[in-house]
Amino acid sequence: MTSANNENNAITLSRDTKETQIQLTLKVDGSRQVAIDTGLPFFNHLLEQLAFHAGWDLTLQANGDTEIDDHHLIEDVAIVLGMAIDQLRQTRPGLVRYGQRLLPMDETLVLCAVDLSGRAAAVINLPFTREAVGGLATEMWPHFFKTLASKGQFALHLKTEYFDNHHHLIEASFKALARALKEALAVQSNSVTSTKGTL
């Protein structure tokens with residue numbers, strides 16, 4: 001893994017393994033400049049939703065052994081994106097820290113709450129009954145969110161209130177997370193948002 005902080009408060013990370021090759025640049029105070037290519041169209045779509053609704057600039061180029069299945073690529077993108085969020089969090093001591101969103105998408109309603117505490121935890125409730133959507137295994141989405149929270153060092157609670165359409169459930173989850181992270185990453189003061197004096 002290599003990383004670099006750019007002059008415009010963006011962070012660039014790259015990760016190269018025998019399974020995947022990933023290059024990512026993230027700026028959380030962005031203008032929704034998004035360029036994503038994972039080779040998986042539905043995954044591209046979800047990451048574009050995440051970046052757009054969070055107000056990020058996100059450039060992501062990811063290649064991997066998708067001839068085997070979708071696991072390694074989706075997991076490793078979550079690793080790199082989570083590490084970028086964690087590194088940016090540490091440059092923003094006066095961040096709001098907490099974020100939440102109750103997000104509807106047609107008949108679907110999803111609740112998301114995050115705490116950028118520096119401690120990883122994930123409680124994910126996505127009760128899929130289909131094995132795949134958009135050509136990707138639905139079991140990967142809880143795994144993506146858990147990996148993101150683990151590498152991002154934040155608490156993530158994602159709960160399905162109700163749903164009928166699996167596509168809506170997945171997309172609403174990414175949008176709800178985006179809105180919650182946008183709130184939590186906003187800087188409100190120069191003071192650390194913890195009685196411990198550090199996060």
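User: Leaving aside its neighbours within four places in sequence, what is Ser-173 in contact with?
Analyst: In this predicted model, Ser-173 is in contact with Val-110, Leu-126, Phe-145 and Leu-158, once its neighbours within four places in sequence are left aside.

User: Where does Ser-173 lie, and is it buried or exposed?
Analyst: Ser-173 lies in helix H4. Its relative accessibility is 0%, so Ser-173 counts as buried; the cut-off for buried is under 20%.

User: How far is Ser-173 from Pro-104?
Analyst: Their C-alpha atoms are separated by 9.6 Å. Along the chain, Ser-173 and Pro-104 are 69 residues apart.

User: What does helix H4 pack on?
Analyst: I'll start with the sheet itself. It is an open sheet of four strands in the order S6-S7-S11-S8, and the pairing is mixed.

User: Which strands stand at the edges?
Analyst: Strand S6 (98-105) and strand S8 (121-125). Each has a single partner strand, so one side of each is left without a neighbour in the sheet. On average, neighbouring strands of this sheet are turned by 10° against each other, direction ignored.

User: How do S6 and S7 pair?
Analyst: S6 pairs with strand S7 (residues 108-115) in the antiparallel sense, over eight bridges. As for single residues, Arg-101 has Cys-112 in S7 as its bridge partner.

User: What holds strands together in general?
Analyst: Strands of a sheet pair through backbone hydrogen bonds, and the pairing is either parallel or antiparallel.

User: Back to the helices. Which strands does H3 lie across?
Analyst: H3 lies across S8 and strand S11 (155-162), and runs at about 160° to S8. Helix H4 (residues 166-185) also packs on the sheet, where it touches S6, S7 and S11. The direction of H4 makes about 150° with that of S6.

User: New topic: aromatics. How many aromatic pairs are there?
Analyst: The count comes to eight aromatic pairs. One of them is Phe-42 with Trp-141, which is edge-to-face, with 6.2 Å centre to centre and 85° between the planes.

User: Which helices does that pair link?
Analyst: Phe-42 is in helix H1 (residues 41-54) and Trp-141 is in helix H3 (residues 140-152). The two residues are 99 residues apart, so the pair links distant parts of the chain.

User: Buried or exposed, those two?
Analyst: Phe-42 and Trp-141 are both buried. Trp-141 also forms a tilted pair with Phe-43, at 5.8 Å centre to centre and 45° between the planes. That pair links distant parts of the chain too, with Phe-43 in helix H1 and Trp-141 in helix H3, 98 residues apart. Phe-43 is buried, as is Trp-141.

User: Which residues form the aromatic cluster?
Analyst: Phe-42, Phe-43, Trp-141, Phe-144, Phe-145 and Phe-174 form one aromatic cluster. Phe-145 came up earlier as a contact of Ser-173.

User: What sits over the ring of Phe-52?
Analyst: The charged end of Arg-32 does, 4.1 Å from the centre of the ring.

User: Now S2 and S3. What joins them?
Analyst: A hairpin joins S2 to S3 through three residues. Strand S2 (residues 11-16) and strand S3 (residues 20-27) pair in the antiparallel sense over six bridges. Ile-11 has Leu-26 in S3 as its bridge partner, and Arg-15 stands opposite Ile-22 in S3.

User: Which way do the side chains of S3 point?
Analyst: The side chains alternate along S3. Thr-20, Ile-22, Leu-24 and Leu-26 point to one face and are buried. Gln-21, Gln-23, Thr-25 and Lys-27 point to the other face and are not buried.

User: How does S3 pair with S5?
Analyst: S3 and strand S5 (residues 57-64) pair in the antiparallel sense, over eight bridges. There the bridge partner of Leu-26 is Leu-58 in S5.

User: Zooming out, how many helices and strands does the protein have?
Analyst: Four helices and eleven strands.

User: And what is its radius of gyration?
Analyst: The protein has 16 Å, which agrees with a compact globule of 199 residues, where the value would be near 16 Å. The C-alpha trace spans about 45 × 40 × 30 Å along its principal axes.

User: How much of it counts as buried?
Analyst: Of the 199 residues, 50% count as buried. Among contacts with a separation of 6 or more, 74% come from residues 24 or more positions apart.

How values were computed:
Residues numbered from 1 in each chain as written. Predicted model: local features only at pLDDT ≥ 70, side-chain atom pairs only at ≥ 80, totals over all residues. Heavy atoms only, no water. Phe/Tyr/Trp six-rings, centres within 6.5 Å; stacked < 30°, edge-to-face > 60°. Buried < 20%, exposed > 50% of the residue type's maximum accessible area, 1.4 Å probe, protein only. Lys NZ or Arg CZ within 6 Å of the ring centre and 35° of its normal. Pairing = 2+ DSSP bridges. Axes fitted to C-alpha atoms, helices over the stretch in contact; angles between N-to-C directions. Contact = heavy atoms within 4.5 Å. Rg over C-alpha atoms; globule rule 2.2 N^0.38 Å.
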